Amino acid sequence: MTTTTLDPTDRAALSQMVHDAVAAQPVTDLHTHVYAPSFGDSGGGQTNPDGLLLWGIDELVTYHYLIAEVFRVVPPSELSYDQYWNMSKQQQADHIWKHLFVENTPLSEAGRGVVTCLSRLGLDPNEKTLEPYRKWFSEQDADGYIDRVMELAGVDSIIMTNEVFSDHEREMWVENPAIADDPRFEAVLRIDKLLVDWPAAAHDLREWGYDVDDDFAGNTVDEVKRFLHDWLDRMRAIYVATSTPPGFAYPDPDHPERNKMIEQCLMPVLAQRGIPWALMIGSKRGINPALRDAGDIGQKENISAVYNLAAGFPDNRFMVTMLARENQHELCVVARKFGNILVFGCWWFLNNPSLIDEITRMRLELLGPTFAPQHSDARILDQLVYKWDHSRRIIADVLIDKYADLIQAGYAVSEDAVKRDARLLLRDNFRTFVRG
Ligand SMILES: [Zn+2]
């Protein structure tokens, strides 16, 4: 073990040490939408449209962030939404590549991301068409490619988001109990419908053999708990996740069934099992439905839901990320008051260098190294490469400033301490929190 203490006058040495430590630290990617190949391999976007594992150039270029961006360059008056959606995936990718990468400069973060991915994979990102990339990706097999991407991204585990209310995915779990045995992946039980639309969720649960009632009467509480236990067991889920609806409040006088779901079902089951509840707060779906997945926005939400949950359920643990920039400061302040909150990630529209820098700086100043600064939210395997490449650099740059300030104040910053902080931020804070 080295215990080198930094020379307070040598900023270059500090910078090198921090960048090296952050680059070398494996990250546990605590929230993604990437699936193990056992859930079906999309074949690089070419062979199996039902496969849940998405990877390859056509998927990368048709990421929903880039779909939104191409409609700003080629507006719907020139190419209608229907015309776009009626094209094949390859035609959509060709359209986006031409307009965002060849005839325009890919200055957006989503655009730069594709460039970083291609470069880090050893490809020239300056091709005028996608054919050379398609040829290269067609020569990869998904299983080996996952290893390659995880190595390039420095990711030691990919945490999936597993949608129990998706018929397609649920049937896979029922048919193949070993579906999540791939040691590179871990499962998370996503249960939005239970909280967002109880009558529809109750209908599904009855179809699956649970004796529940729309009015929460009779056996409903016990049966919802049985449902949660069954699926936590089946998935070996390490936490439960919910993207909350707009205007989410707790308690909410307008949604008595949601209060009951939280108080009588979800919190007791999770406390008993020692599993956290991850809340993703602040998305509003479909303000432009014609854009499909690309049509959502983020909006400011009421922080009281977070502190009411943390205070009301001290035996439960809450992972919290919020989508609005406006909520970030108050979320940090609330997390100072409750050790059962783990603040995580710079989500979706916050996943831009200027905002990651601002938010990470604020969190370090208010919380010290007790949060999880980032998750990739990748939907396409290859995105792990750019999301972690870009975020690691920003996290390191922020840490360098903070260490420099500490050194100036007289504190001896050692290499071991820098490595410990990188380990906490990129992996262990999350691991400790889910273990309880
Ligand atoms: Zn997500």
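This is a short tour of the structure, one selection at a time.

Before you start, note that this is a predicted model, in which local features need pLDDT of at least 70, side-chain atom pairs count only at pLDDT 80 or more, and totals for chains, interfaces and linings use all residues. Residues are numbered from 1 along each chain as its sequence is written.

**Stop 1: the core**

Select Val61, Val188, Tyr239, Val240, Val320 and Leu381: of the 126 residues in the largest nonpolar core, these touch the most other members. A nonpolar core here is a set of buried Ala, Val, Leu, Ile, Met, Phe, Trp, Tyr and Cys residues joined through C-beta atoms within 7 Å. Buried means that 20 or more other C-beta atoms lie within 10 Å of a residue's own, exposed means 12 or fewer, and partly exposed is in between, with C-beta atoms placed from the backbone. In soluble globular proteins, nonpolar side chains tend to be buried together.

Now add helix α17 (residues 383–408), which gives this core its largest share, 9 residues. Helices are DSSP runs of H or I with at least four residues, strands are runs of E with at least two, and both are numbered from the N terminus.

Next, pick out tyrosine 239. Which residues is it in contact with, leaving aside its neighbours within four places in sequence? They are Val188, Ile275, Pro276, Trp277, Ala278, Met319 and Val434. Contact means that the C-beta atoms of two residues, placed from the backbone, lie within 7 Å.

**Stop 2: helix α11 and its surroundings**

Select residues 198–207, helix α11, and colour its buried residues, Trp198, Ala201, Ala202 and Leu205. These cover an arc of only 100 degrees around the axis, so they lie on the same side of α11. The arc is that of the directions from the helix axis to the C-beta atoms. Turn to the other side of α11 and you will find Pro199 and Glu207 exposed.

Show α10 (192–196), α12 (220–235) and α13 (256–273) as well, since the buried residues of α11 pack against them. Just after α11 comes glycine 209, with a positive phi near 95 degrees.

While you are here, click on lysine 193 in helix α10. Is lysine 193 buried or exposed? Lysine 193 counts as buried, because it has 20 C-beta neighbours inside 10 Å. Beyond its neighbours within four places in sequence, lysine 193 is in contact with Phe165, Ala200 and Ala201.

**Stop 3: two helix pairs**

Two packed helices are described by the angle between their axes and the distance between the axes. Axes are lines fitted to C-alpha atoms, for helices over the stretch in contact, and angles run from 0 to 180 degrees between N-to-C directions.

Begin with helix α15 (residues 328–337) and helix α16 (residues 353–367), which pack at an angle of about 25 degrees with axes 10 Å apart. That makes α15 roughly parallel to α16. Angles under 35 degrees count as roughly parallel, over 145 as roughly antiparallel, 65 to 115 as roughly perpendicular, and the rest as oblique. Among the residues making the contact are Cys332 and Val333 of α15 and Ile359 and Met362 of α16.

Then move to helix α3 (residues 64–73) and helix α5 (residues 89–102), whose axes are also 10 Å apart but at an angle of about 60 degrees. This makes α3 oblique to α5. Where they meet, look for Leu66, Glu69, Val70 and Val73 in α3 and His95, Ile96, His99 and Leu100 in α5.

**Stop 4: backbone details in the loops**

Most residues other than glycine have a negative phi, and most peptide bonds are trans. With that in mind, zoom in on proline 251, in the loop between β6 (240–243) and α13. The peptide bond from tyrosine 250 to proline 251 is cis, with omega near -10 degrees.

Arginine 292 is in the loop between β8 (283–284) and β9 (297–298), and its phi is positive, near 55 degrees. Arginine 292 is partly exposed, with 14 other C-beta atoms within 10 Å.

Finish at aspartate 377, in the loop between α16 and α17. Its phi is positive too, near 55 degrees. Aspartate 377 counts as buried, with 21 C-beta neighbours inside 10 Å.
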